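Reader: I am new to this structure and would like a close look at a single part of it. Please take one helix contact, go through it slowly, and then place it among its surroundings.

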Amino acid sequence: MTPLLKVQNVGKTYGKGANTFTALSNISFEVAKGEFVGVMGPSGAGKSTLLNVLATIDTPTTGEIIIEDTNLARMKDAELADFRRDNLGFIFQDYNLLDSLTVRENIVLPLAIAKMPTKAINARVDRIAELFGISELLNKYPYQISGGQKQRTASSRALVTEPKLIFADEPTGALDSKSATDLLESLSDLNQSQAATIMMVTHDAFAASFCQRILFIQDGQLSKEIQRGTLTRKQFFQEILQVLSSIGGGVNDVI
Amino acid sequence: MTLFSLARKNIQRNLSNYFLYIASMVFSIVIYFTFVTLKYNDDLSALKQSSQQIKGLMSASSVVLLFFIVIFMAYSNSFFMKKRKKEVALYSLLGVRKQKIGLMLFFENLVIGLVSLVFGILLGFFMSQGLLMILVRLMGYEVVGSLTFSMEALINTTGIFTLLFLFTSLQGYRVIYQFKLIDLFHADKQGEQIPRASLVAALLGTVFIAFGYYTAASDMFTSKIWRFFTVLGTPLMVIGVTIAGTYLLFHSVSVFVLTALKKATSWSWKGLNLIGVSQLLYRIRANAKSLSIIAILSATTITAGGGVFGMYYNAEASVRQMLPNTFMWKGETVEFSQKDVLFNEALAVKNLRVDNEFSFFEYTLLKESDYNRLAKLQGKDKELHIADGSTVLLDAAFDERFSHDFTGEDFKLQNGDSFHVEKMYTESVLNFIAAGTVLVVNDQEFKATDGDEIMMQVVGLDNDLKQQDVSKDIYQQLSTEQQESFSSVPQSYEDSLATVGALLFVGSFLGLVFLAATGSIIYFKILTEAEEDQAKYAILNKIGVNSKQILKTVAGQVAVIFSAPLIVGIAHSVFALLAFSQLFNMNITKPVILWMIAYSAIYFIYYIFTVRSFYKIVRQGN
């Protein structure tokens with residue numbers, strides 16, 4: 001099976017001349033369709049930079065990023081925006097909902113931008129809202145709902161276009177443990193039932209334990225990779241903790 | 001590092017931020033200085049006695065101008081301070097005492113004030129010279145313009161702006177002392193409520209405006225509303241109702257329309273329409289007051305400018321309507337330059353006294369043959385053949401609303417004779433001054449009618465508007481009594497130009513200032529919002545909206561905010577000018593349309609600038 005996402009020797013350097021700082025160097029990996037991949041590492045390791053680069057929000061200094069047959073490194077700004085619209089979905093730590101729109105309208109937005117007919121939009125929005133359990137909230141404004149509900153709205157917005165690849169940047173970072181578990185379970189369900197491909201950056205071992213595979217990043221480089229395989233979520237959680245303590249990062253973040 | 005050098009470096013580093021503020025300060029100073037320079041100008045006061053009138057006008061206008069400048073400066077200062085709140089908070093967080101921050105900002109304001117004062121006065125000096133030439137031209141005089149620097153204007157401007165700078169500095173102090181450090185850590189806004197439309201307010205707004213328009217458009221001499229509120233009360237009532245209606249319009253009707261648009265999902269769920277309409281809806285309540293003020297200001301400017309421009313435009317036509325001959329006077333002919341003379345005739349007319357129920361009027365009796373001769377000379381292709389006992393009435397001042405229409409009636413004379421009025425013309429062949437209303441009868445009737453026979457001299461010149469010298473030459477040769485009956489096209493034209501021209505100048509100057517100020521207020525307002533919205537557009541970019549689409553929605557939103565008050569302002573002024581043209585019985589359609597186009601064009605330039613800056617700010621967020 002050809003991989004959905006192919007990352008080859010990606011590097012990212014900030015600054016010019018003597019003041020350069022290497023955030024990422026020589027990163028290569030592949031993600032197959034339907035995978036739920038986690039990216040972990042201590043703060044400053046380059047997790048978010050990697051995600052931004054993969055998500056086309058930032059551009060890599062070197063290397064190639066290929067999603068299906070499209071090489072993102074060779075695309076222009078406007079093309080990238082269109083590519084994001086058609087193929088990618090995003091979930092952010094701080095939700096990034098638009099507070100002048102209702103929950104429904106927030107979810108509608110990416111479909112409206114893609115110029116989908118109104119009828120089709122309604123059907124899709126209702127389906128995804130049901131999946132995330134926010135059908136009751138559709139006509140509320142973001143300031144009227146809780147953080148967990150906001151994040152589920154943001155997730156619905158990311159998934160409503162049925163993107164090829166979903167990027168989640170610390171999606172549980174601002175949530176209490178109950179909301180976090182709900183959200184992660186929804187994502188995990190979605191991953192299994194609809195074969196959605198998800199890539200999630202997190203520093204939280206609990207959140208990471210929902211993934212099937214975890215990439216560890218240290219000082220801008222890929223340091224280790226573990227597979228969940230047939231382990232239960234609890235066993236996988238323990239394994240993640242061990243890796244984290246061995247690479248010396250994220251121990252403080254353990255619950 | 002001293003505080004002063006810190007303040008100086010602050011300005012140097014944030015020059016782009018300061019630029020807008022300094023520019024608006026300089027702008028205020030330039031217009032004020034220009035205006036006072038013109039007020040104190042010697043050339044202008046030497047020109048004519050009518051410039052005494054202009055001086056009064058200028059003094060009154062400078063008060064209006066000053067009032068406006070104060071509002072404008074307070075607005076730009078508060079905009080500027082808002083931008084710097086974070087900086088102040090940072091200093092405070094780092095442990096700088098409020099007193100010191102205040103002192104620093106005071107120094108800063110001082111430097112800015114000095115710089116803008118110097119620039120403003122220099123620019124104002126050159127601008128005043130240019131404008132002086134335009135003013136003199138508009139008033140119909142030859143250009144005299146010499147470069148004179150008015151000390152009085154300098155002292156006046158410096159004094160007033162020093163006071164204003166002190167005032168704005170105090171405003172800055174107030175901000176610092178009121179500000180609490182915790183404000184810095186609060187998010188900008190914790191979710192503003194989305195407004196709901198109130199049907200009652202929306203209906204009331206529509207009814208108010210409709211009533212105001214209806215009243216303004218109805219005939220002020222027959223309308224019951226006008227009679228009920230009286231001629232003085234009605235305009236006030238109309239203005240009050242329109243202002244209230246305008247506010248309700250922006251406050252409620254707009255919410256109504258936008259909500260309806262948003263609900264029409266087949267339209268709003270297309271591309272970024274949803275964002276555009278939601279953003280407008282989100283802001284409209286907070287903006288209702290500013291939008292109404294801008295609409296009212298625009299309406300005032302367009303009405304005043306349109307009215308004055310209309311009068312200027314009609315100056316020649318109204319002189320010609322009253323004075324069909326270049327010169328006319330009673331008595332003997334005099335010697336004058338025969339260059340450009342088209343005709344020079346002496347006529348025998350009779351002076352008639354007619355008693356009416358209320359008072360008596362003087363009329364001029366004219367022979368049919370003389371009428372036909374003059375009409376031909378003046379290039380009118382009318383020839384009269386009047387039956388015995390009949391007359392044709394010529395009344396240049398005829399106004400269907402005030403004047404009695406005699407057509408078909410008998411016109412009784414003092415001695416009991418009467419003529420049947422066949423027709424009435426508003427186009428006379430004799431100048432209204434001295435001749436008044438003219439009765440044309442056939443030659444036999446003329447002979448038979450009693451009355452004091454008078455000689456009338458009528459002269460027609462080519463290029464008559466420029467014949468000032470001839471006019472003066474003739475005037476000097478006439479006796480005092482004759483001088484009273486003397487009427488002259490170039491003289492009347494010059495007189496009306498001197499007044500209307502100055503009015504036009506002051507009107508367009510103030511209009512321009514109002515325009516610039518309203519434009520700047522919208523500009524500041526939209527840019528403040530743009531900064532608050534930066535994050536929103538960053539989100540949009542992340543979920544896959546390209547820059548072109550963002551530019552499109554930004555341009556659309558700004559277009560609505562710009563055009564809504566402009567359209568309302570134009571609509572208001574159309575009805576106000578309708579009443580105006582009715583009152584003065586003038587056709588001002590063409591000059592008014594020209595004026596509106598000019599106004600909208602300048603407004604459009606502001607729009608372009610605003611969209612560009614908005615887009616730039618939004619792009620910085622990515």
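Author: **A helix contact in chain B**

In this predicted model, helix α11(B) meets helix α19(B) through a short list of residues. On the α11(B) side these are Thr301(B), Ile302(B), Gly305(B), Gly306(B), Phe309(B), Gly310(B) and Tyr313(B). On the α19(B) side they are Pro591(B), Val592(B), Trp595(B), Met596(B) and Tyr599(B). Sorted by class, the residues of this contact are eight nonpolar and four polar, with no charged residue.

The geometry comes next. Helix α19(B) covers residues 589-620, and its axis comes within 8 Å of the axis of α11(B). The two axes cross at roughly 135°. Angles over 145 degrees would count as roughly antiparallel, so this crossing makes α11(B) oblique to α19(B). The handedness of the crossing between α11(B) and α19(B) is right-handed.

Helix α11(B) also has a contact with another helix, α17(B). Here α11 spans residues 273-322 of chain B and α17 spans residues 489-542 of chain B. Their axes come within 8 Å and cross at roughly 170°. That angle is why α11(B) is described as roughly antiparallel to α17(B). The crossing of α11(B) and α17(B) is left-handed. The residues of this contact comprise 21 nonpolar, 11 polar and four charged.

Chain B contains paired strands as well. Strand β1(B), residues 327-330, pairs with strand β8(B), residues 452-461, in the antiparallel sense over four bridges. Within that pairing, Phe327(B) stands opposite Val459(B) of β8(B). Strand β1(B) also pairs in the antiparallel sense with β9(B), residues 487-488, over two bridges. There Met328(B) has Ser487(B) of β9(B) as its bridge partner.

Chain B in turn touches chain A: 25 residues of chain A are in contact with 23 residues of chain B. On the chain A side, the elements giving two or more residues are α2(A) (77-87), α3(A) (103-113) and α4(A) (118-131). That side of chain A has 15 nonpolar, three polar and seven charged residues.

Chain A has a sheet of its own. It is an open sheet of six strands with mixed pairing, and the strand order is β6-β7-β8-β3-β9-β10 in chain A. Strands β6(A), residues 88-91, and β10(A), residues 221-227, are the edge strands, each pairing on one side only. From one strand to the next, the twist averages 20°. Inside this sheet, β7(A) (165-169) and β8(A) (197-201) pair in the parallel sense over five bridges. Phe167(A) stands opposite Met199(A) in β8(A). Helix α1(A), residues 47-54, lies across β3(A) (36-40), β7(A), β8(A) and β9(A) (213-218). Helix α1(A) runs at about 150° to β7(A).

For chain A there is also a record to mention. An unreviewed UniProt entry carries the annotation "domain: ABC transporter" for residues 5-244 of chain A. In the model, that span is 38% helix and 25% strand, and its end C-alpha atoms lie 25 Å apart.

To return to the starting point, α11(B) crosses α19(B) at roughly 135° and α17(B) at roughly 170°. The former crossing is right-handed, and the latter is left-handed.

Technical notes. Residues are numbered from 1 along each chain as its sequence is written. Chains are lettered from A and ligands numbered from 1 in the order in which they are written. This is a predicted model: local features need pLDDT of at least 70, side-chain atom pairs count only at pLDDT 80 or more; totals for chains, interfaces and linings use all residues. Two strands pair if DSSP finds at least two bridges between them. Axes are lines fitted to C-alpha atoms, for helices over the stretch in contact, and angles run from 0 to 180 degrees between N-to-C directions. Two residues are in contact if their C-beta atoms, placed from the backbone, lie within 7 Å. Ala, Val, Leu, Ile, Met, Phe, Trp, Tyr, Cys and Pro count as nonpolar, Asp, Glu, Lys and Arg as charged, and the others, Gly among them, as polar. Angles under 35 degrees count as roughly parallel, over 145 as roughly antiparallel, 65 to 115 as roughly perpendicular and the rest as oblique. A crossing is left-handed if the near helix is turned anticlockwise from the far one by less than a right angle, and right-handed if clockwise. UniProt positions are given in the numbering used here, feature names are shortened, and annotations may be inferred rather than shown by experiment.
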